Amino acid sequence: MQSHKILKKRLLTLLLTAGFLFGSVFAIGIDTQAATKRLKVTPTNKTIYVWKATTLKANKKVRWSIYKGSKYVQIVSKLRHASKITVKGKKSGTSYIKAKYGKSVKKVKIVVKKKVKTQSKVPTKINLTISQNSIGIGENCTVYVKSVVPSGASKAVTYSSSNKKIATVSKAGIVTGINEGTATITARSTKNSARKATVRITVVKTLAGTVSLSANISDETKCPKGKVAKIWIPVPQSDINRSQTIAPSTIKYTAEHATEAKITTDSAGNKALYVMWDETVEPKDRTVDFSFEVIRRAIVRPKNMQALEKGTVDNKKMAKYLSETERSGSITSGIVKETADKIVKDANAKTVYEKAHAVYNWVCENLRRDSSTPAIGSGDVQYILRNTDKGIGKCTDVNSVFVALCRAAGVPARSVYGLKLDAMINTPGTPYVQKCKPQYYLPGYGWAEADVSALLKLSNIKGHEDEYRGENASAENKQIWKSLKDEYWGNADEQWMMLTAGGDLNLSPKQSATSPEDAVRNEDNSVKNYGILNENGTLHYFAYPYAEYDEHYLNTYGETDFDYTYSFKEGLDDCGC
């Protein structure tokens, strides 16, 4: 019985030992398999391009290494024992990255490719644009591809000029004016030379040089010592139509004994050199020298100018160019409005261009100049319209009528004032080189020329208007007249430069004089002629230097109360400033 119990105990011990051993082996197998399943690496396959990188991730901290193809990739991460690394492609080929965790190993296939540039589509249409349609001799503009069809096609082109004696063009599309004339700039696709586009560039006459002014208020009999003397000199600016360029760096002035000298801006936006000498300055020391460089280009009317009109007049933006002036009288009723309405109606004018052209034609056909008028005229519009059968004055008078009639017809218009460069060349030292002309604003184009006074001033026309216009004119003269009107509509030569624009203005600092002393009135109390000042003290225009002594206006033309002389020297400084 005792041996039976001992045997039973031994058998139980053996079973327990066997179960323990079996369980341990089973557990080890499970743990190993579990460890293998727990190691994960992503991605398992990856394609990258040369010198591009990608990141490999593991769910454990593993030891990373290049298993095969080390010449194709490199591990850029500093830590090789980490849960992730960054791999970069070196050259085209296939490599394997190994991730090891204990005895578990995962491999990642990395394919490195050289990126091939995709071929751009060949354009079926090229759209060119140019920064300016006309440039001066020696000046530049830029032509470039604005768009292509289809979208995404190559914009690469080569440029060429139809006439390199007129204009040249660089590889980058920079056009340079060489001589007066017109050239065609062609852009051809580098993908297919049959695909091309063209633009026309006009190189216009150009005049460049230095304008100088010397002025003084030194006459002791008229302006003795002991009072304040002031002068405002018009300072030109580059204009928005790019018909002239004034580099600010070339504007220079000297007034050694002046109490104050500075550039100011008046109420119309014009610039002026303001110089003041106080009561202690000797009369002989009231001198100022002023100069600037100008590049002036001729203006050529586009062949399709009427078609360039886009949109309508912005009455709010153009308000000051649609309002009446001190010397226009009412433009909403009375003779100015009545005349404008009849002109528009008779011409059946609907658009801005048509209305402005109708007014231009009417002024050309109905006004005449009077050379005996002092300076450049007074610009009393109502008086002129009541006396169209008489000589009505000079450029200010003719142009004031055009501006007032345009405004009454709803067309923005302005008078611009400047210098005749050719007069300074042909008559050195003359102080009377001022000239004004009108412009109207065409939406989509900008300020456009309509120089009636220049037409009426022509030597063969002045005083002989009826020989060229009207029923009694010969067929030959009528044709000449028609051609001349067309020449001055929208065109302008390079011999004139703009100083200022607008009227009824206050200078800065504001002028002190309040009433003109040279007014001449007609029987109906309309103003036939007076100088720069309006009756309310504003300036009718700012074409001449304006000066005051002891707060009184100094006559600026004719028998002047102070001296000034303009001069012009062709050519710019070698430095190109």
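## Burial, cores and empty space in a predicted model

C364 is buried, with a relative accessible area of 0%. No disulfides are present in the structure. C436 is in no disulfide either, and the cysteine sulfur nearest to its own, that of C395, is 3.6 Å away. This separation does not make a disulfide, because the two sulfur atoms would have to be within 2.5 Å. Like C364, C436 is a buried residue: the relative accessible area of C436 is 1%, and that of C364 is 0%. The model described here is predicted, and every value in this report is computed from it.

### The chain as a whole

The chain has 577 residues, and 44% of them are buried. Its secondary structure consists of eight helices and 31 strands. Among contacts between residues at least 6 apart in sequence, 66% link residues at least 24 apart.

### Nonpolar cores

In soluble globular proteins, nonpolar side chains tend to be buried together. Here the largest nonpolar core has 54 residues, and the members that touch the most others are V211, I217, I231, M497, Y546 and Y566. Strand 21, residues 271-277, gives this core its largest share, six residues. Apart from this core lies another one of 50 residues, with I343, V381, L385 and W489 among them.

What is M497 in contact with, leaving aside its neighbours within four places in sequence? The partners of M497 are V211, P236, Q244, I246, F292, V294, R296, Y417, G418, L419 and L421. One of these partners, V211, is also named with M497 among the core members that touch the most others.

### Pocket and cavity

Rolling a probe the size of a water molecule over the atoms shows where empty space is left. The second largest pocket encloses about 690 Å³ of space. Its lining is made up of 34 residues, and Y321, S415, A501, G502 and G503 lie nearest the centre of the pocket. Three elements each supply at least two residues of this lining: helix 5 (395-408), strand 23 (413-420) and strand 26 (496-501). By class, the lining of the second largest pocket holds twelve nonpolar, 15 polar and seven charged residues.

How many cavities of 30 Å³ or more does the structure hold? There is one. The largest cavity has a volume of about 30 Å³. It is lined by D239, S243, R296, I299, Q439, E449, W496 and M498. These residues divide into three nonpolar, two polar and three charged. R296 ties this cavity to the core described above, since it belongs to the cavity lining and is also a contact of M497.

### Backbone features

Two cis peptide bonds can be described. The first to be taken up joins T42 and P43, with omega about -10°. P43 sits in the loop between strand 1 (41-42) and strand 2 (45-49). A cis bond also runs from S508 to P509, with omega near -5°. P509 is placed in the loop between strand 26 and strand 27 (520-521); strand 26 is also one of the elements that supply the lining of the second largest pocket.

Positive phi values in residues other than glycine come next. For W51, phi is near 65°. W51 lies in the loop between strand 2 and strand 3 (53-68). E551, which is not a glycine, has a positive phi of about 65°. E551 is found in the loop between strand 29 (546-549) and strand 30 (552-554).

Are W51 and E551 buried or exposed? W51 is exposed, at 55% relative accessible area, and E551 is exposed as well, at 53%.

### V149

V149 belongs to strand 10, residues 140-149. Not counting residues up to four places away in sequence, V149 touches P123, T124 and K125. The C-alpha atom of V149 is separated by 9.5 Å from that of K121, 28 residues away along the chain. V149 counts as partly exposed because its relative accessibility, 38%, falls between the 20% limit for buried and the 50% limit for exposed.

### Accessibility of the residues discussed

| Residue | Relative accessible area | Class |
|---|---|---|
| C364 | 0% | buried |
| C436 | 1% | buried |
| V149 | 38% | partly exposed |
| E551 | 53% | exposed |
| W51 | 55% | exposed |

Note on methods. Residues are numbered from 1 along each chain as its sequence is written. This is a predicted model: local features need pLDDT of at least 70, side-chain atom pairs count only at pLDDT 80 or more; totals for chains, interfaces and linings use all residues. Side-chain values use heavy atoms; hydrogens and water are left out. On a 1 Å grid over the protein atoms alone, a cavity is a set of points where a 1.4 Å probe fits but cannot get out, and a pocket is an open set with protein on both sides within 12 Å along at least five of seven lines; lining residues have an atom within 4 Å of a point. Grid points are joined across faces, edges and corners, and a volume is the space filled by probe spheres set on the points. Helices (H or I, at least four residues) and strands (E, at least two) are DSSP runs, numbered from the N terminus. Ala, Val, Leu, Ile, Met, Phe, Trp, Tyr, Cys and Pro count as nonpolar, Asp, Glu, Lys and Arg as charged, and the others, Gly among them, as polar. Buried means under 20% relative accessible area, exposed over 50%, partly exposed in between (1.4 Å probe, protein chains only). A nonpolar core is a set of buried Ala, Val, Leu, Ile, Met, Phe, Trp, Tyr and Cys residues joined through side-chain atoms within 4.5 Å. Contact means heavy atoms within 4.5 Å.
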